[in-house]
Amino acid sequence: MKYHSTRNGNFKISLSHALKEGLAQDGGLFLPEKFPAIDYKNFNGKTLADFSAQLLETYFTEDILSSELNKITQNAFNFPIQITELDNHVQLLELFHGPTAAFKDFGARFLAESLSRIVQKESSQDLCILVATSGDTGGAVASAFHNKKGIKVKILFPKNKISPLQEKQLTCWDNNIESYRVDGSFDDCQKMVKDAFQNISLKKEHNLSSANSINIGRLLPQMCYHAWSAIKFFEAQKEKVHIVVPSGNLGNVFGAFWARRIGFPIDSITLATNANKTVVDFYQSGEFHPQKSVSTLANAMDVGNPSNLERLNFLYPDWKELVKNSQAHSVSDSQILQEMKEVYESSKAFICPHTAVGTFVARHQLTQKKCLVSATAHPAKFQEVSEKALNKKPEMPETLKELLSRTTKVKDIGTQYQELF
Ligand SMILES: *Cc1c(COP(=O)(O)O)cnc(C)c1O
């Protein structure tokens with residue numbers, strides 16, 4: 001299997017190459033050259049790791065990683081994933097039982113396992129990964145790459161702009177993970193990374209790479225758990241699932257589209273966004289107008305220019321087909337608070353504000369359907385919002401408690417990328 005850019009189908013590269021590059025040279029995003037159909041009856045309810053190794057075999061052919069696939073999925077998916085029932089109409093796909101308690105652990109761990117094996121197989125110079133983060137991604141990346149051979153990670157985050165819990169998750173590391181607290185905004189952090197990449201001799205000297213959410217190495221595992229959950233749902237309910245995904249950059253939901261495209265038993269797919277309505281507007285008008293992001297209670301989804309829409313447009317070049325095959329709805333902050341409260345009162349379940357965006361859409365827009373909503377983060381990561389909605393704080397999972405007990409290490413810097421080296 002080869003991979004090509006969403007903007008040019010002719011120039012094809014290997015999986016390993018696409019994983020290292022992240023973004024295609026023409027600015028497009030990588031996708032596989034084909035989406036071969038599967039027969040879902042050949043897949044059964046194994047562990048996610050075994051299931052994913054079987055499913056991804058096609059996507060790893062002709063690559064130096066093909067003999068490593070089994071080890072990659074076993075190591076990456078070494079934490080639980082489960083489907084729980086909220087009520088007789090809505091089930092949750094709990095994706096938050098990994099080390100940093102959000103679904104980004106799946107993608108970050110899969111990418112870390114893959115990249116460190118590529119470096120070792122190619123016996124190339126160590127990779128240096130730069131990540132600018134405003135919260136969740138950086139923590140998952142730090143945790144996933146910690147002590148991985150052949151890789152160094154530099155995390156940049158804006159001073160005084162992220163929550164204390166988020167900052168702790170970015171600074172509680174040692175050895176190959178370095179944290180930099182930048183005296184500036186998130187945009188400054190992103191610009192520093194961009195500038196460093198544009199310095200060609202520096203990029204070569206340090207073998208710079210990125211691990212951001214548009215890397216194809218994050219989509220492959222996200223396709224696997226949607227496929228796996230569709231099978232589980234089908235076995236239990238004897239009908240195809242209606243999937244609802246709380247969405248920002250559309251990486252998670254793209255995994256569901258991919259799984260359905262190749263034949264897994266998925267009926268409808270619904271994108272649930274917060275007050276950032278770029279995608280909802282696109283579904284309504286067929287016109288895409290990126291907007292400045294607005295801050296909401298579901299802040300990991302505060303995206304005004306979702307990059308994975310480019311991949312969705314590749315799957316559905318005709319907007320009418322996209323709209324016929326999926327839908328999108330937006331949820332306000334007050335609806336998020338109301339939903340967290342109602343779910344707690346009716347089911348005694350804490351849900352995070354992002355998950356609440358999804359269950360709100362399932363409970364108000366898809367009332368006749370049996371839905372599976374991605375639960376994207378553990379509610380304990382959002383103590384203040386829970387307090388606001390319920391006057392109660394959810395219990396911390398052990399994984400987060402452990403991170404909070406560590407000592408922190410961080411370097412304070414200005415906004416010049418040279419300070420990183
Ligand atoms: C990143 C994130 C999302 C949004 O996922 P996308 O793939 O960007 O659509 C939703 N919820 C949580 C908790 C996240 O961290």
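**View 1. A cavity inside the protein.** On a 1 Å grid over the protein atoms alone, a cavity is a set of points where a 1.4 Å probe fits but cannot get out. Its volume is the space filled by probe spheres set on those points, which are joined across faces, edges and corners. This is a predicted model, where local features need pLDDT of at least 70, side-chain atom pairs count only at pLDDT 80 or more, and totals for chains, interfaces and linings use all residues. Residues are numbered from 1 along each chain as its sequence is written, and side-chain values use heavy atoms, with hydrogens and water left out. There's one cavity of 30 Å³ or more here, with a volume of about 50 Å³. Its lining (residues with an atom within 4 Å of a point) includes Ser247, Gly248, Lys277 and Met301.

**View 2. The ligand and its shell.** Have a look at the 14 residues around the ligand (a heavy atom within 4 Å): Lys104, Asp136, Gly248, Asn249 and Thr376 are the closest. Now for some polar contacts (N or O atom pairs within 3.5 Å). One ligand oxygen sits 2.8 Å from a polar backbone atom of Asn249, and a ligand oxygen is 2.9 Å from a backbone N or O atom of Leu250. On the side-chain front, a polar atom of Thr376 is 2.8 Å from a ligand nitrogen.

**View 3. Glu310 meets Arg7.** These two side chains form a salt bridge, 2.8 Å from N to O (the rule: a side-chain nitrogen of Lys or Arg within 4 Å of a carboxyl oxygen of Asp or Glu). Glu310 belongs to helix H12 and Arg7 to the loop between strands S1 and S2, so the pair ties together parts 303 residues apart in sequence (helices are DSSP runs of H or I with at least four residues, strands runs of E with at least two, numbered from the N terminus). By that rule, the count is 22 salt bridges.

Key: 1 Å grid on protein atoms, 1.4 Å probe; cavity = no way out; pocket = protein on both sides within 12 Å on 5 of 7 lines; lining within 4 Å. Polar contact = N/O pair within 3.5 Å; in protein donor to acceptor, adjacent residues only side chain to side chain.
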